[in-house]
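Reader: I am new to this structure. Please show me how to read its ligand sites.

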Amino acid sequence: MIQQCYTMHDMETLFETLKTFNKPGEMKGITRLAYSKEDEAAHQFMVETMGEHGLFVRKDAIGNIFARLPGQNSQLPAVGTGSHLDTVPQGGAYDGALGVVTGFYALMQFKAGELLRDLELVIFRAEESSRFGFSCIGSKVMTGKVKADQWAENVDDEGQSFFQVNDDAGYASEKIASCCLPDHYFSAFIELHIEQGKRLESDGLTIGVVNGIAAPTRFAVLVRGHADHSGATPMYQRQDALVASAMIIEDINHAACRESPWGTVATVGKMEIQPNSMNVIPGEVTFYVDIRGIEKSSISRVASRLQEAVHKAEKDNDVTITLREISSEEPVKLDDGLCDVLAQQCEKNDISYMKMLSGAGHDTMNLAQRYPAAMIFTPSKGGISHHPDEFTHFSDIEVAATLLKETLRELGNRQ
Ligand code: GLV
Ligand code: MN
Ligand code: MN
């Protein structure tokens with residue numbers, strides 16, 4: 001059944017429905033980790049919804065979803081849009097899902113054959129790094145950036161690699177090469193996303209035209225000391241893995257603060273302590289470092305400082321430390337021409353905007369290495385993201401969805 005008219009209200013209802021795909025019993029925000037039951041159910045729901053509305057839907061070998069609205073000439077590269085449905089633990093409802101529902105809304109504003117080119121909505125698999133420690137798996141697979149050895153080494157909290165989880169969910173890791181999109185698949189790709197910072201809100205602007213994306217470089221740090229009695233072991237005889245970790249974390253924090261002029265940031269957001277008992281000196285600690293920035297040299301300085309901190313902490317605490325790089329990505333510049341199209345659309349429609357960089361990572365950073373790509377940001381209330389309080393006013397969403405639609409119209413009619 002092809003619906004004649006898909007309204008903003010329909011889009012809002014769809015957005016509210018997606019919120020219900022949540023981990024059972026979750027009281028704080030949305031937990032929809034990649035490949036979890038709720039993530040699979042949300043993907044399946046979108047497959048059905050998009051099919052019922054007349055789009056041609058396919059899934060690839062890792063569960064990336066593509067929904068296509070044919071134009072007059074399907075031989076031409078398509079115009080793409082889309083985002084992701086997975087979330088961080090106890091995250092918000094907007095990160096990712098907003099780009100999916102606005103993309104769907106935008107496609108629904110056109111009839112098959114109305115535009116010259118096909119339009120395609122992509123739902124990227126496993127964008128968040130929360131489960132496997134590295135991000136944007138769907139778009140990496142689409143752009144031929146699979147690192148099989150590294151990916152096999154990074155396991156989730158149940159000890160399963162991405163490949164095992166993908167296969168257990170009924171997909172086919174052995175066919176992963178078939179997910180790589182051909183050259184000229186897209187003539188342009190536009191992702192709509194929340195800003196996840198507060199520049200737009202502070203400046204009272206409605207739209208961010210994103211012209212560059214900061215890149216993450218990530219490490220796993222394994223500190224091996226010796227577990228011992230917390231009362232009976234004198235301070236000078238300890239090999240405390242947590243004290244060593246704390247010293248390293250403090251050094252990384254200082255190193256990133258020194259790089260503030262370049263906008264570089266560093267975070268330790270995950271740590272596992274063994275045996276994790278109040279009366280036992282921590283014998284083993286694993287923690288994860290996420291360094292992000294636009295300037296590769298600045299990221300490298302923080303990474304070097306991490307190595308120095310590791311050597312110092314080993315000596316000072318009589319522990320051994322293994323530093324393993326999980327991923328290292330290039331900061332990405334987005335397409336000037338597409339940013340200008342978005343800026344002109346804003347000017348034509350009296351929408352306040354600024355060109356800006358994204359501190360968070362997005363699938364667009366991978367697509368941008370193969371196809372012209374840009375992003376639209378909507379304001380995040382209080383700049384809050386990866387948190388249950390993530391919020392964007394619906395009036396801002398309406399403006400952004402309309403901007404996306406008009407931009408797809410313009411790009412879809414380009415010769
Ligand atoms: C994606 O949300 C990221 O971690 O940047
Ligand atoms: Mn996110
Ligand atoms: Mn996101």
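Author: Start with one contact. A polar side-chain atom of E128 lies 3.0 Å from an oxygen atom of ligand 1. A polar contact is a pair of N or O atoms within 3.5 Å; within protein, one must be able to donate a hydrogen and the other to accept it, and residues adjacent in sequence count only if both atoms are side-chain atoms. This is a predicted model: local features need pLDDT of at least 70, side-chain atom pairs count only at pLDDT 80 or more, and totals for chains, interfaces and linings use all residues. Residues are numbered from 1 along each chain as its sequence is written, chains are lettered from A and ligands numbered from 1 in the order in which they are written, and side-chain values use heavy atoms, with hydrogens and water left out.

Reader: Which other side chains have a polar atom by an oxygen atom of ligand 1?

Author: R292 has a side-chain N or O atom 2.5 Å from a ligand 1 oxygen. For H386, the distance is 3.0 Å. The protein covers 95% of the 200 Å² of accessible area that ligand 1 has on its own. Such areas come from the Shrake-Rupley method with a 1.4 Å probe; for residues, only the protein chains shown count as cover.

Reader: Which residues surround ligand 1?

Author: A residue is near a molecule or strand if one of its heavy atoms lies within 4 Å of it. Here the surrounding residues are D95, E127, E128, R292, A360, G361 and H386.

Reader: What coordinates the manganese ion (ligand 2)?

Author: Look for donors: N, O and S atoms within 2.8 Å of the metal (3.2 Å for Na, K and Ca). Water is not among the atoms, so sites may look incomplete. For ligand 2, the donors are D95 (OD), E128 (OE), E128 (OE) and H386 (NE2), at 2.0 to 2.8 Å. Their spacing along the chain is D-x32-E-x257-H.

Reader: Are D95 and E128 buried or exposed?

Author: Buried means under 20% relative accessible area, exposed over 50%, partly exposed in between (1.4 Å probe, protein chains only). D95 counts as buried because its relative accessibility is 7%. E128 is also buried, at 7%.

Reader: Which residues are the protein donors of the manganese ion (ligand 3)?

Author: They are H84 (NE2), D95 (OD) and H193 (NE2), lying 2.0 to 2.2 Å from the ion. The spacing in sequence is H-x10-D-x97-H. H84 is buried, with a relative accessible area of 1%.

Reader: Which residue bridges ligand 3 and ligand 2?

Author: D95 does, and the two manganese ions lie 3.6 Å apart.
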